[in-house]
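Here are some comments on the model you sent, set out as numbered points for reading alongside the coordinates.

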Amino acid sequence: MRKVYIVGASLLKVDEQWGQSIDSLVTQVVDGLAEVRPWKLDSIYVANALGEILQNQANLGAIVAEDVGLTGVPALRVEAGGASGAAALLSGYQAILSGLADTVLVIGVEKLSDATPEESVFLPSLSERYDLVGFQGVTEAALAAMMYRMYLERYELPQEMVAQFPVLMHEHASKAPHAQYQFKTTLENVLSSPVVSPPLRRLETTAPADGAAAVILCSSDALPTIQHEQVVELAGAASSTDIVFPFDREDPLKLSAAARAFYEALARPGLSREQVKVLEIHDSYSILANLILESIGYSAEGASGVDAKNGMFDYGGKVVINTFGGLKARGHPLGATGVYQAAEIFLQLTGRAGACQVDGVKYGAMISLSGLGSSAYALVMKEG
Amino acid sequence: MHAVFRPPVNWRHRRFRYRLVVWRCQNCGAVHHYATSICRRCRSNRVAEDKLPDRARLITYTVVKNPPVAFEKQAPYIVGLVEFEDGTRLVAGITDCDLEELKPGIELERVVRKIAEDGESGLIVYGYKFRPAITRGRYTPGG
C-alpha cells in the first residue's frame, strides 16, 4: 500500500519579525531544508491566512514558488483560517496518496505583526460568520469568553481549571528555542493579567506573531530516491466541519469536528488514542485546550482541568501536550501554525526535540482548528 | 485596511439587521439569516421567510475590552448570547443597561441602534441590539 512520509522539517523562531517579509521568511525556512536537497518537486502547498489583507498579497502559490527558485512547479495557496497549515498538509497527503504526486513541499507562512491592534482583534473573527458575529462588534475572543463562562458554570469549576493550561504551555516553551514566549509564568500571573473579555485574560490568548515552517512529504515509491537524514511516516490525516456559530451547535462545549477528524486520522493506520504520546492541540484560547481534550476523549467532560493538575498532560503523564508550548507560548502565526505543529512532531519522532524531547515516543498527533472548531484537521505520525 | 462596511452589503441585509427577518426551514425549523433554498441542517428545500420575535432571553454575556476595527470608540461594551423562544440563538450588543443588571435568564427586547461608523466619511451602520425588557409585553413569538 502506498504510504506518505515526511523527510524533512524546518521552522523559524516565532517572533515579531519587523524586518522580514513573507518572501524573506519563506526563503529562510526553505534554507533550513538544505539536507533534503536536491528536490524534484511535484507540488507546493502554501498555507497562509491573511496575506491579501495585511501584505496586499494574494496568489501566494506562484509567488512563493518563485521566492524559493522553483518556478514551474505547481503551487497553490491554502486558506482555512487558523487551520490553514494543517489543511495544506492534508492537501499534500491527499495528492501523494492519489498517486498524482510523489514529492510535495508544504510551507506555512504568516506575518501578523503588520496589523494594527484593532486589526489584530478584528482579523481572527473573519473565521466566524461575519454577518452574525463580526458585524455586532463581537470578537472571537468574546465568543471564546462566553464558551469559557458556560463551561465554568456548567461544571461548577473555579477558573484555575482552565487558566492553568497557559502555565503548562509556558513551562514547555521555556525549553523551546523557537518559541515566541520562552518565559515561565504562574497561575497568579495569568489570573491577574488584563481582562480581554471576562473571564478570559490576556495570558490566556495569543499575540501577533510572524513565522514560517516547512515540511517535505514524499511517497513510499519516491522515498528510496530522496536524499534525507530523518524520516517519519504521515500515517493518517483527516478533517471535518461543524456548524460555524458555536452556540448553534447541539452542545457548544463539544468540538465534534475535532473528534471526528482525530478518530478518522487514527483509524487509517489502525491506532488507538492510548498509543499517541505526543499531542499538539490548538489552544488559541485557554478554554480550547479543555474543550479539545474532553471532546476527543482524553478527559471526561469537565475533568480536563483536574487531569492537567494531576500531570496527565505533562512529561511523565499519559500524553504530553504542546511539547514546545503550543499556540499559547510557541506562538500562533495563524496560517503557519499547523505546519509548526507537524514540524514539532517530526522533531519529537526523530529524537531531535532537544530539551523538549519526550522519551520513547513512537506516535504523535496534532489537531488544528479554524474559528472555534468549525473546521478541524488531525494528523497522525509514526516513527519512521 | 480596506473598508469594513460596504453599501451593497448593508442594503442587502437591511431586513435582517433592522427587523430580524429570517428564513426558516418548514421541515426542521432551522433559522437562516440569509435568503436560501437549502436548509443548512436538514437540506430540505422548504424554506420560507419568517421573523424572529422581538423578545429573547439572555443566556450569557461578556465585555469587549479590546475592540476590533470600527468599534474603537465604543470599548468597553457589553455583548451577549440571546435565545428566542424557538431556541434560535444570536450574539449581539447589549445596550441601555449596566453590567450589574444582567443575569442569565433575564428578558430582553430588541432595539435598533447605531452599530458603528466606518471612519470619518464611511457608512454609519445600524442594526439590532438587545436591552433588558422595559416596555410592556410578553415573551411570545412575534411579541
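1. In chain B, strands S4(B) and S7(B) run antiparallel and are joined by three bridges, and within S7(B) the residue B:Leu108 is the one that stands opposite B:Ala56. Please keep in mind throughout that this is a predicted model.

2. The wider setting of S4(B) and S7(B) is an open sheet of five strands in chain B, with the order S6-S5-S4-S7-S8 and antiparallel pairing. Since S6 and strand S8 (124-132) of chain B stand at the edges and have a single partner strand each, one side of each is left without a neighbour in the sheet. From one strand to the next, the twist averages 30 degrees.

3. Chain B also has pairing among its earlier strands, where strand S1 (residues 21-25) and strand S3 (residues 47-51) of chain B run antiparallel and are joined by five bridges, with B:Cys25 opposite B:Val47 in S3(B). S1(B) pairs as well with strand S2 (residues 31-32) of chain B, again in the antiparallel sense and over two bridges, and here B:Arg24 is the residue that stands opposite B:Val31 in S2(B). The hairpin of S1(B) and S2(B) has five residues between the strands, and in this hairpin B:Gly29 takes a positive phi near 90 degrees.

4. Turning to the contact between the chains, 26 residues of chain B are in contact with 26 residues of chain A. On the side of chain B that touches chain A, two or more residues come from each of strand S4 (55-64), strand S5 (77-83), strand S6 (89-93) and strand S7 (107-117) of chain B, and S6(B) gives the most, with five residues. Sorted by class, this side of chain B has 15 nonpolar, eight polar and three charged residues. From chain A, helix H6 (residues 140-155) lies across S4, S5 and S6 of chain B and runs at about 110 degrees to S4(B).

5. Chain A itself is divided into domain 1 (4-116 + 208-233) and domain 2 (139-206 + 235-383), and the centres of these two domains, taken over C-alpha atoms, are separated by 23 Å. The contact between them takes 41 residues from domain 1 and 38 residues from domain 2 of chain A. The elements that each supply at least two residues of the domain 1 side are strand S1 (4-11), helix H4 (84-98), strand S4 (103-111), strand S7 (210-219) and strand S8 (232-241) of chain A. Of the side of domain 1 that touches domain 2, H4(A) gives the most, with eight residues, and by class this side has 26 nonpolar, nine polar and six charged residues.

6. One residue of chain A deserves a separate comment: where in the chain is A:Lys175 found? A:Lys175 belongs to the loop between helix H7 (160-173) and helix H8 (187-192) of chain A. Because A:Lys175 has 17 C-beta neighbours inside 10 Å, this residue counts as partly exposed. If residues up to four places away in sequence are not counted, A:Lys175 touches A:Ala355 and A:Cys356. Between the C-alpha atoms of A:Lys175 and A:Gly99, which are 76 residues apart along the chain, the separation is 40 Å.

Key. Residues are numbered from 1 along each chain as its sequence is written. Chains are lettered from A and ligands numbered from 1 in the order in which they are written. This is a predicted model: local features need pLDDT of at least 70, side-chain atom pairs count only at pLDDT 80 or more; totals for chains, interfaces and linings use all residues. Helices (H or I, at least four residues) and strands (E, at least two) are DSSP runs, numbered from the N terminus. A residue is buried if 20 or more other C-beta atoms lie within 10 Å of its own, exposed if 12 or fewer, and partly exposed in between; C-beta atoms are placed from the backbone. Two residues are in contact if their C-beta atoms, placed from the backbone, lie within 7 Å. Ala, Val, Leu, Ile, Met, Phe, Trp, Tyr, Cys and Pro count as nonpolar, Asp, Glu, Lys and Arg as charged, and the others, Gly among them, as polar. Two strands pair if DSSP finds at least two bridges between them. Axes are lines fitted to C-alpha atoms, for helices over the stretch in contact, and angles run from 0 to 180 degrees between N-to-C directions. Domain bounds come from an automatic or database domain assignment.
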